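User: I should like to learn how to read the features of a structure such as this one. Could we begin with a single residue and work outwards?

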Amino acid sequence: MDTTKTPAPNAAEADTTPVALEKTETPQDAAAEAQAKTEAKTETEADLDAAADADLDDDAFAEDLAGEEQPSHVGSAAFAIVSAGLSVVALSGSWVAGIVSERASIAARLELSQAADANAQIAAQFVDPWHTTAMVNGVFSALALIIATFVLALPAFSTPERTLPTWVRSVSWAGIGLGALGVLLFVLMYFDLLLAIPKAAA
């Protein structure tokens, strides 16, 4: 009697079943890993886009804030124009200088005596009015010079980023130049250095 046992018919199939399971599970793991990488890449791109949008918003906010903080320079421009106007008035003459000159002439004539000589009459009619006119124009020129210098020096006492517009600086320099010329003419006229006082013949 043969007592050897023959293997079951499905023994080979049982041996090969794990191999088949491993082969079927590998594509699933690869697909899951690829899907995870895709999701991570999508999240990274979304984070980068959000960061870029935040940077753009910050830049726009900074530009708006800088535009709001920029000074208008209205006061500096007004003072520059005033200085240039005063210097022009000082050089060309003003009605204030004319009135003061006429008043000085009348006062000098009233102080003359009937026995006054020709030189005294010349001094009363011409020299005193000339000096008075020169003094008024010199005051205007000095004011123009001071105001223009103040406008140009104003940014040095404020924030370092503050700068005056080009035309404001140009007008201020013009006021300084004309004001200095007016002060020089005042000195020459008041001390009779530009024109000598006429003298009557003895």
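User: Which residues does Ser-172 touch, not counting residues up to four places away in sequence?

Analyst: Neighbours along the chain are set aside, and what remains is contact between heavy atoms within 4.5 Å. In this predicted model, Ser-172 touches Ala-80, Ala-148, Val-151 and Leu-152. Ser-172 itself lies in helix H5.

User: Is Ser-172 buried or exposed?

Analyst: A residue is called buried when its relative accessible area is under 20%. Ser-172 has 0% relative accessibility and therefore counts as buried. Over the whole chain of 202 residues, 19% count as buried.

User: How many helices and strands does the chain have?

Analyst: Such a count gives the overall plan of the chain. Here there are five helices and zero strands, and from the N terminus on the order of elements reads α-α-α-α-α. A further reading concerns contacts with a separation of 6 or more: residues 24 or more positions apart account for 80% of these.

User: At what angle do H2 and H4 cross, and how is that angle to be read?

Analyst: The angle compares the N-to-C directions of two axes, and a value over 145 degrees is read as roughly antiparallel. The axes of helix H2 (residues 74–92) and H4 cross at roughly 155° and come within 8 Å. H2 and H4 are therefore roughly antiparallel to each other. Their crossing is left-handed.

User: Which residues make the contact between H2 and H4?

Analyst: On the H2 side they are Ser-76, Phe-79, Ala-80, Val-82, Ser-83, Leu-86, Ser-87, Val-89 and Ala-90. H4 contributes Asn-137, Phe-140, Ser-141, Leu-143, Ala-144, Ile-147, Ala-148 and Val-151. Sorted by class, the residues of this contact are twelve nonpolar, five polar and no charged.

User: How do H3 and H4 pack, and what is the handedness of their crossing?

Analyst: The reading follows the steps used above. Helix H3 (residues 95–110) packs with helix H4 (residues 118–153) at an angle of about 150°, and their axes are 8 Å apart. H3 and H4 are therefore also roughly antiparallel to each other. The crossing of H3 and H4 is right-handed, whereas that of H2 and H4 is left-handed.

User: Which residues of H3 and H4 meet?

Analyst: From H3 come Val-96, Ala-97, Val-100, Ser-101, Ala-104, Ser-105, Ala-108 and Arg-109. In H4 they meet Ala-124, Gln-125, Asp-128, Pro-129, Thr-132, Thr-133, Val-136, Asn-137 and Phe-140. By class, this contact of H3 with H4 has nine nonpolar, six polar and two charged residues.

User: Asn-137 appears in the lists for both contacts. What does Asn-137 touch, not counting residues up to four places away in sequence?

Analyst: An individual residue is read by its location, its accessibility and its contacts. Asn-137 is found in helix H4 and, at 13% relative accessibility, counts as buried. Asn-137 touches Val-89, Ala-90, Gly-93 and Ala-97. A C-alpha distance adds a view of the fold: Asn-137 and Val-96 are 41 residues apart in sequence and 9.2 Å apart in space.

User: What does the side chain of His-131 reach, and at what distance?

Analyst: For polar atoms one looks at the partner and the separation. The side chain of His-131 reaches the backbone oxygen of Tyr-190 at 3.3 Å. His-131 is found in helix H4 and is buried, with a relative accessible area of 17%. Apart from neighbours within four places in sequence, His-131 is in contact with Met-189, Tyr-190 and Asp-192.

User: What is the phi of Asp-192, and where does this residue lie?

Analyst: Backbone angles are read together with residue type. Asp-192 has a positive phi of about 60° although it is not a glycine. Asp-192 lies in the segment after H5 and, at 23% relative accessibility, counts as partly exposed.

User: Where is Pro-198 placed, and which residues is Pro-198 in contact with, leaving aside neighbours within four places in sequence?

Analyst: Pro-198 is in the segment after helix H5 (166–190) and is partly exposed, with a relative accessible area of 40%. Its contacts are with Ile-122 and Trp-130. Pro-198 and Phe-126 are 72 residues apart in sequence and 9.4 Å apart in space, C-alpha to C-alpha.

Definitions and conventions:
Residues are numbered from 1 along each chain as its sequence is written. This is a predicted model: local features need pLDDT of at least 70, side-chain atom pairs count only at pLDDT 80 or more; totals for chains, interfaces and linings use all residues. Side-chain values use heavy atoms; hydrogens and water are left out. Axes are lines fitted to C-alpha atoms, for helices over the stretch in contact, and angles run from 0 to 180 degrees between N-to-C directions. Helices (H or I, at least four residues) and strands (E, at least two) are DSSP runs, numbered from the N terminus. Angles under 35 degrees count as roughly parallel, over 145 as roughly antiparallel, 65 to 115 as roughly perpendicular and the rest as oblique. A crossing is left-handed if the near helix is turned anticlockwise from the far one by less than a right angle, and right-handed if clockwise. Ala, Val, Leu, Ile, Met, Phe, Trp, Tyr, Cys and Pro count as nonpolar, Asp, Glu, Lys and Arg as charged, and the others, Gly among them, as polar. Buried means under 20% relative accessible area, exposed over 50%, partly exposed in between (1.4 Å probe, protein chains only). A polar contact is a pair of N or O atoms within 3.5 Å; within protein, one must be able to donate a hydrogen and the other to accept it, and residues adjacent in sequence count only if both atoms are side-chain atoms.
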